[in-house]
Amino acid sequence: MTENDFMSEHDIRTAFFQAMSQMYRTEVPLYGDLLDIVDDVNGKVLAGSPDLELDLRRRGELDRLGQERHGAIRVGTAAELSMMRRVFAVMGMHPVGYYDLSVAGVPVHSTAFRPVKLEGLNRNPFRVFTSLLRLELIDDHALRAEATKLLSQRKIFTDRAIALVEQFERDGGLDGESATEFVREVLETFRWHSDTVVDSETYEKLHDVHRLIADVACFRGPHINHLTPRTLDIDAAQEEMQARGINAKDVIEGPPRREVPILLRQTSFKALEEEVRFNDGANGVMGTHTARFGEIEQRGLALTPKGRALYDTLLDAARGEEGSQAHNYEQRLQEVFARFPDDLNTLRQEGLGYFNYRLADSFKPDRIGVSDLEALIAGGVVEASPVIYEDFLPVSAAGVFQSNLGGTEQRSYSATEAQADFEKALGANVADPFTLYEAMEAASMASVRAALGAATASDKR
Ligand code: OOG
Ligand code: NI
């Protein structure tokens, strides 16, 4: 079979994302409301700002916006995690970043599966935040053993899904028919099951140790727990959520509102209390479980390690002793972040963010006389636009976990981060996000240099 008979990984990802979105819309109707809100807000922002629309179009970001989502799942074992990695690889999604959430009282560590190159990101930047339960952090040995046993008994992938992954790995791709079947089979893994695999007493015991353990160990599979669209104005989206009576969180996670959006701002509505059936006796007994919720996010400039260090310092300062629950938190956040430069030139010149460089549309070879990048940018020959942050933020993720687990209790685990253990379970190393952003910036710079070089060369002829 030639390579041309294979469906591209980007197309498989898009097909899978569409199937997932459709499924989640039927499972959680509020998700459809969020999509409407985000569509509305994005339409208004673009209509009110033709410059932004032009900018997004030139950067190749406009098309991806309408279908940009991230989701999240939680798996229970190393075997589940490594199979998940192989499944996502079929869709051109690879593990990026390591997030230790134990410090925030959630016994998991995580990575994000996503496309790693600009072409894939611009085609469809679907990401799935994937967490692995850390039973080793649970002190109660009997319960730990119980959860381990439950997890060892379940099979979260269909036989066909596994066979198709093996086929992909063997042949180097999937033809259209196999890819369609792959999408259908893999979707099963993410489906919600309202029948638990335990009786109510076992559920309660696991739930009391940590809600998250119950969410993972008491179900047949890692149900997708949210699917987040990207908005161009999260404050407007948040207002609209509240206006429609959606039970949104009070605080937007991440940096404050700014001229130049940085990193990631997120808000969510609280977890749904859903009916489940425990397998007590012949007919089971009904109860409830909270796991699934809705979230909206706004993405901005990807920060360099220097920019990120400043962000972390300022966020710490704003959260302070009173914590993020304080009434004046937003105001304090604004005040503290006044120290973070808020115009593109300063952010770039101080090396706080990553940028994509391109020749201006108006570029004419006869106009170049200088080779200094700053002069070329100042002269409008070269344009620098923000590289968009494609990843997650541990403090925000912890906040998201806390609210979507439905509880307010604070716990902490005396764990050190365990990236090596995580990678062993995953069966691969996670990519370093900074390295990926830096490579994007360098590639854009190299193509600008090449184009300028070619222009200078043809000039001299
Ligand atoms: C994942 C929470 C993290 C985000 O946007 O930071 C997340 C989870 O609740 O499983 O999705
Ligand atoms: Ni999320």
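1. A residue counts as buried when its relative accessible area is under 20%. With that in hand, welcome to this predicted model. By that cut-off H226 is buried, and E295 is buried too. Both of these residues belong to the metal site, a good place to start.

2. The nickel ion (ligand 2) is held by three residues: H70 through NE2, H226 through NE2 and E295 through OE, at 2.1 Å. If you read along the chain, these donors follow the spacing H-x155-H-x68-E. Two of them bring together distant parts of the chain, with H226 and E295 lying 69 residues apart. You will find H226 in the loop between helix 11 (211-217) and strand 5, while E295 sits in strand 9 (residues 294-299).

3. Next, please look at strand 9, the home of E295. Strand 9 is mostly covered, as six of its six residues are buried. Its side chains alternate: G294, I296 and Q298 point one way, whereas E295, E297 and R299 point the other way, and all are buried. The partner to look for is strand 6 (residues 264-269), which pairs with strand 9 in the antiparallel sense over six bridges. One anchor for your eye is L264, whose bridge partner in strand 9 is R299.

4. H70, another of the nickel donors, leads to a further pairing. Strand 1 (residues 69-75) runs parallel to strand 4 (residues 127-133), and the two pair over six bridges. Within strand 4, R127 is the bridge partner of H70.

5. Stepping back, strands 1 and 4 are part of an open sheet of five strands, with the order 2-3-4-1-5 and mixed pairing. Strand 2 (94-100) and strand 5 (227-229) are at the edges with a single partner strand each, so one side of each has no neighbour in the sheet. From one strand to the next, the twist averages 20 degrees.

6. Finally, a helix pair is worth a visit. The axes of helix 7 (residues 141-153) and helix 10 (residues 200-209) come within 11 Å and cross at roughly 115 degrees. The crossing of helix 7 past helix 10 is left-handed. On the helix 7 side, the contact is made by L143, E146, A147 and L150; helix 10 contributes T202, K205, L206 and V209. Sorted by class, the contact has five nonpolar residues, one polar residue and two charged residues.

Note on methods:
Residues are numbered from 1 along each chain as its sequence is written. Chains are lettered from A and ligands numbered from 1 in the order in which they are written. This is a predicted model: local features need pLDDT of at least 70, side-chain atom pairs count only at pLDDT 80 or more; totals for chains, interfaces and linings use all residues. Side-chain values use heavy atoms; hydrogens and water are left out. Two strands pair if DSSP finds at least two bridges between them. Helices (H or I, at least four residues) and strands (E, at least two) are DSSP runs, numbered from the N terminus. Axes are lines fitted to C-alpha atoms, for helices over the stretch in contact, and angles run from 0 to 180 degrees between N-to-C directions. Donors are N, O and S atoms within 2.8 Å of the metal (3.2 Å for Na, K and Ca); water is not among the atoms, so sites may look incomplete. Buried means under 20% relative accessible area, exposed over 50%, partly exposed in between (1.4 Å probe, protein chains only). A crossing is left-handed if the near helix is turned anticlockwise from the far one by less than a right angle, and right-handed if clockwise. Contact means heavy atoms within 4.5 Å. Ala, Val, Leu, Ile, Met, Phe, Trp, Tyr, Cys and Pro count as nonpolar, Asp, Glu, Lys and Arg as charged, and the others, Gly among them, as polar.
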